[in-house]
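Me: I would like to go through this structure with you step by step. Please keep the answers plain.

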Amino acid sequence: MSWDLFVQDWGDFDSLDEIADDFEPKTIGLRSEIIDKIKTVEPTVDFSNPSWGYWRTDNSQ
């Protein structure tokens with residue numbers, strides 16, 4: 001099984017209904033900065049292709 005993870009700054013909202021149609025989120029950083037932050041939390045994520053991060057566990061198939 002695989003999962004896709006999306007990270008975005010949605011602002012300070014309590015529910016999705018509060019987000020205006022014209023809302024534009026702030027940038028969350030450069031790709032390299034985001035990869036560095038992810039690898040700080042989980043250093044085994046493979047970013048040999050910086051477009052995709054692969055994290056395999058003992059439960060991975």
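Me: What radius of gyration does the chain have, and what would a compact globule of 61 residues have?
Reply: This is a predicted model. The chain has a radius of gyration of 15 Å, whereas a compact globule of 61 residues would be near 10 Å.

Me: What does the C-alpha trace span along its principal axes?
Reply: The spans of the C-alpha trace are about 40 × 25 × 20 Å.

Me: Which secondary structure does the chain hold?
Reply: The chain has one helix and zero strands. Helix H1 covers residues 31-41.

Me: How much of the chain is buried?
Reply: Buried residues account for 7% of the 61 residues. The chain exposes about 6100 Å², and 52% of that area comes from carbon and sulfur atoms.

Me: And what share of the contacts is long in sequence terms, say 24 or more positions apart?
Reply: Among contacts with a separation of 6 or more, 3% are between residues 24 or more positions apart.

Me: Changing topic: how many salt bridges are there?
Reply: The count is one salt bridge. The side chains of aspartate 9 and lysine 26 form it, at 3.6 Å from N to O. The two residues are 17 residues apart, both in the segment before H1, and the pair links distant parts of the chain.

Me: Are those two partners buried or exposed?
Reply: Aspartate 9 is partly exposed, because its relative accessible area is 21% and the buried class requires under 20%. Lysine 26 has a relative accessible area of 61%, so it counts as exposed.

Me: How many aromatic pairs does the structure hold?
Reply: The structure holds one aromatic pair. Phenylalanine 13 and phenylalanine 23 make up this pair, with 5.2 Å centre to centre and 90 degrees between the planes, an edge-to-face arrangement.

Me: Why does that pair tie parts of the chain together?
Reply: Phenylalanine 13 and phenylalanine 23 both lie in the segment before H1 but are 10 residues apart in sequence, so their pairing ties those parts together. Phenylalanine 13 is partly exposed at 28% relative accessible area, and phenylalanine 23 is partly exposed at 27%.

Me: Which residues form the nonpolar patch on the surface?
Reply: Leu5, Val7 and Ile28 form it, and together they have about 310 Å² of accessible area. Leucine 5 belongs to the segment before helix H1 and counts as exposed because its relative accessibility is 73%. Isoleucine 28 also lies in the segment before H1, and its 33% relative accessibility makes it partly exposed.

Me: What is isoleucine 28 in contact with, leaving aside neighbours within four places in sequence?
Reply: Its contacts are Val7, Gln8, Asp9, Ile34 and Lys37. Asp9 is the residue that meets lysine 26 in the salt bridge. As for valine 7, its C-alpha atom is 8.3 Å from that of isoleucine 28, although the two are 21 residues apart along the chain.

Me: On to the helix: what does isoleucine 38 touch, not counting residues up to four places away in sequence?
Reply: Isoleucine 38, which lies in helix H1, touches Val45 and Phe47. Isoleucine 38 has a relative accessible area of 33%, so it is partly exposed.

Me: And how far apart are isoleucine 38 and glycine 53 in space?
Reply: Their C-alpha atoms are 9.3 Å apart, with their positions 15 residues apart in sequence.

How values were computed: Residues numbered from 1 in each chain as written. Predicted model: local features only at pLDDT ≥ 70, side-chain atom pairs only at ≥ 80, totals over all residues. Heavy atoms only, no water. Patch = residues over 30% accessible without salt bridge, like charges linked within 9 Å, V, L, I, M, F, W, Y side chains within 5 Å. Areas by Shrake-Rupley, 256 points an atom, 1.4 Å probe, with all protein chains shown as cover. Salt bridge = Lys/Arg side-chain N within 4 Å of Asp/Glu carboxyl O. Buried < 20%, exposed > 50% of the residue type's maximum accessible area, 1.4 Å probe, protein only. Phe/Tyr/Trp six-rings, centres within 6.5 Å; stacked < 30°, edge-to-face > 60°. Rg over C-alpha atoms; globule rule 2.2 N^0.38 Å. Contact = heavy atoms within 4.5 Å.
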